[in-house]
Amino acid sequence: QVQLVESGGGLVQAGGSLRLSCAASGRIFSSNSMGWFRQAPGKEREFVAGMSWSAGSTKYANSVKGRFTISRDNDKNMVYLQMNSLKPEDTAVYSCAAGASYRVSVDSKDYDYWGQGTQVTVSS
């Protein structure tokens with residue numbers, strides 16, 4: 001119903017920046033919110049940032065507030081995650097997700113569709 005494809009990951013030095021992109025296709029009208037999650041080796045998947053265009057709100061994990069920004073291009077069906085001041089602890093596989101929720105949720109179970117993920121590596 002909805003397909004999501006991430007891109008933009010790579011290797012950067014600490015303090016550098018990356019912009020991740022998530023291209024959505026299919027029945028996008030069924031989704032009201034989108035989020036970014038990440039999973040580092042040996043750790044559980046965690047919420048990073050999310051937005052709901054139905055509620056007109058965004059939400060960020062405390063660990064990335066002031067450094068990451070989520071945005072959307074409605075005409076292109078794209079969602080972005082701008083990551084600045086990157087730290088080695090940000091190293092993880094980043095995935096975008098879409099859901100029918102009318103509010104931003106930090107719970108991965110509230111999202112119905114997932115991308116394949118893109119690797120972000122931050123060296124010290």
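This passage describes a four-strand sheet, one of its hairpins and the surroundings of a single tyrosine in a predicted model.

In the predicted model, four strands are arranged as an open sheet, in which the order is β1-β3-β8-β7 and the pairing is antiparallel. The edges of this sheet are occupied by β1, which covers residues 2-7, and by β7; each of the two has a single partner strand, so one side of each is left without a neighbour in the sheet. From one strand to the next, the twist averages 20°.

Within this arrangement, the pairing of β7 with β8 can be described in further detail. Strand β7 spans residues 68-73 and strand β8 spans residues 78-83, and the two, running antiparallel, are joined by six bridges. Across this pair, I70 is placed opposite L81 of β8. The two strands form a hairpin with four residues between them, and in this hairpin N77 adopts a positive phi near 55°.

A separate strand, β10, consists of residues 113-114 and includes Y113. The relative accessibility of Y113 is 17%, and the residue therefore counts as buried, given that the cut-off for this class is under 20%. When residues up to four places away in sequence are not counted, Y113 is in contact with Q1, V2 and L4, and also with C96, A97 and A98. As for A100, a separation of 13 residues in sequence from Y113 corresponds to a C-alpha to C-alpha distance of 9.7 Å in space.

Notes: Residues numbered from 1 in each chain as written. Predicted model: local features only at pLDDT ≥ 70, side-chain atom pairs only at ≥ 80, totals over all residues. Heavy atoms only, no water. Buried < 20%, exposed > 50% of the residue type's maximum accessible area, 1.4 Å probe, protein only. Contact = heavy atoms within 4.5 Å. Pairing = 2+ DSSP bridges. Axes fitted to C-alpha atoms, helices over the stretch in contact; angles between N-to-C directions.
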